[in-house]
Amino acid sequence: MNQIVVKGNKPLRYFAGMMLVLLAVSHFMGQVDLTRLSFLWLMIAMAINAIQATFTGFCPMFKNARGECVACGVVCDSEACDATRTPHEKTDNDPSKESEK
């Protein structure tokens with residue numbers, strides 16, 4: 001639907017990359033053992049998914065209840081996304097309405 005929120009998101013890409021770097025450093029320093037089954041594999045999978053999502057826009061792990069792609073608290077501020085909102089989601093505080101006044 002709205003893949004622009006994730007595609008090209010450099011802060012998400014850097015954050016996911018740093019997660020992988022920290023896990024690799026921890027592994028080689030002997031703090032964690034990534035050769036054994038662990039919850040840390042879930043972190044690796046999430047980081048890899050986040051990195052690929054920033055390049056492709058495909059983000060199955062970052063969908064909200066309406067099926068829209070979201071990540072790292074990024075809010076949708078484009079007109080295309082505004083059109084997908086239902087009328088009850090548009091409030092009087094909506095910035096798009098202020099420009100019309």
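Colleague: At 30% relative accessibility, is M43 buried, partly exposed or exposed?

Modeller: The class follows from two cut-offs: buried means under 20% relative accessible area and exposed means over 50%. M43 counts as partly exposed because its relative accessibility of 30% lies in between. Please bear in mind that this is a predicted model.

Colleague: Where is the place of M43, and which residues does M43 touch?

Modeller: M43 is placed in helix α2. When residues up to four places away in sequence are not counted, M43 touches M19 and L23. A distance in space may also be set beside a separation in sequence: M43 and L20 are 23 residues apart along the chain, and their C-alpha atoms are 8.3 Å apart.

Colleague: L23 appears among those partners. Is L23 buried or exposed?

Modeller: L23 is buried, because its relative accessible area is 7% and the cut-off is under 20%. L23 has its place in helix α1. Its contacts, leaving aside neighbours within four places in sequence, are V32, L34, L40, M43 and I44. For I44, the C-alpha to C-alpha distance from L23 is 8.1 Å, with the two positions 21 residues apart in sequence terms.

Colleague: How should one read a nonpolar core, and which residues make up the largest nonpolar core here?

Modeller: As a general idea, nonpolar side chains in soluble globular proteins tend to be buried together. In this model, the largest nonpolar core has eight residues in all: V6, L12, A16, M19, A47, A50, A53 and C59. Helices α1 and α2 (40-56) each supply at least two residues of this core. A47 may serve as an example: leaving aside neighbours within four places in sequence, A47 is in contact with A16, M19 and L20.

Colleague: Which residues form a nonpolar patch on the surface?

Modeller: A patch is read from residues with over 30% relative accessible area. Here M18, V21, V25 and M29 form such a nonpolar surface patch, and together they have about 380 Å² of accessible area. M18 lies in helix α1, residues 10-28. M18 counts as partly exposed because its relative accessibility is 47%.

Colleague: K10 lies in helix α1 as well. How far apart in space are K10 and F55?

Modeller: Their C-alpha atoms are 9.5 Å apart, while in sequence K10 and F55 are 45 residues apart. K10, at 46% relative accessibility, counts as partly exposed.

Colleague: How many salt bridges does a search of the whole structure find?

Modeller: The reading rests on a distance cut-off: a side-chain nitrogen of Lys or Arg must lie within 4 Å of a carboxyl oxygen of Asp or Glu. The search finds one salt bridge in the whole structure. D33 forms this kind of pair with R36, and the closest N and O atoms are 3.3 Å apart. Of these partners, D33 is partly exposed because its relative accessibility is 34%, while R36 is exposed because its relative accessible area is 60%.

Colleague: What does the secondary structure of the protein come to?

Modeller: There are four helices and zero strands. In order from the N terminus, the elements run α-α-α-α. Of the protein's contacts with a separation of 6 or more, 51% are between residues 24 or more positions apart.

Colleague: What percentage of the 101 residues counts as buried, and what is the accessible surface of the protein?

Modeller: Of the 101 residues, 25% count as buried. The accessible surface comes to about 7300 Å², and carbon and sulfur atoms account for 65% of this area.

Colleague: Which element has the lowest mean pLDDT and which the highest?

Modeller: The value expresses the predictor's confidence in each residue, from 0 to 100. Among the elements, helix α3 (residues 79-84) has the lowest mean, 53, and α1 the highest, 93. For the protein, the mean pLDDT is 74, and 57% of the residues reach 70 or more.

Methods: Residues are numbered from 1 along each chain as its sequence is written. This is a predicted model: local features need pLDDT of at least 70, side-chain atom pairs count only at pLDDT 80 or more; totals for chains, interfaces and linings use all residues. Side-chain values use heavy atoms; hydrogens and water are left out. Patches are made of residues with over 30% relative accessible area and no salt bridge: like charges are joined within 9 Å, nonpolar side chains (Val, Leu, Ile, Met, Phe, Trp, Tyr) within 5 Å. Accessible areas come from the Shrake-Rupley method with a 1.4 Å probe; for residues, only the protein chains shown count as cover. Buried means under 20% relative accessible area, exposed over 50%, partly exposed in between (1.4 Å probe, protein chains only). Contact means heavy atoms within 4.5 Å. A nonpolar core is a set of buried Ala, Val, Leu, Ile, Met, Phe, Trp, Tyr and Cys residues joined through side-chain atoms within 4.5 Å.
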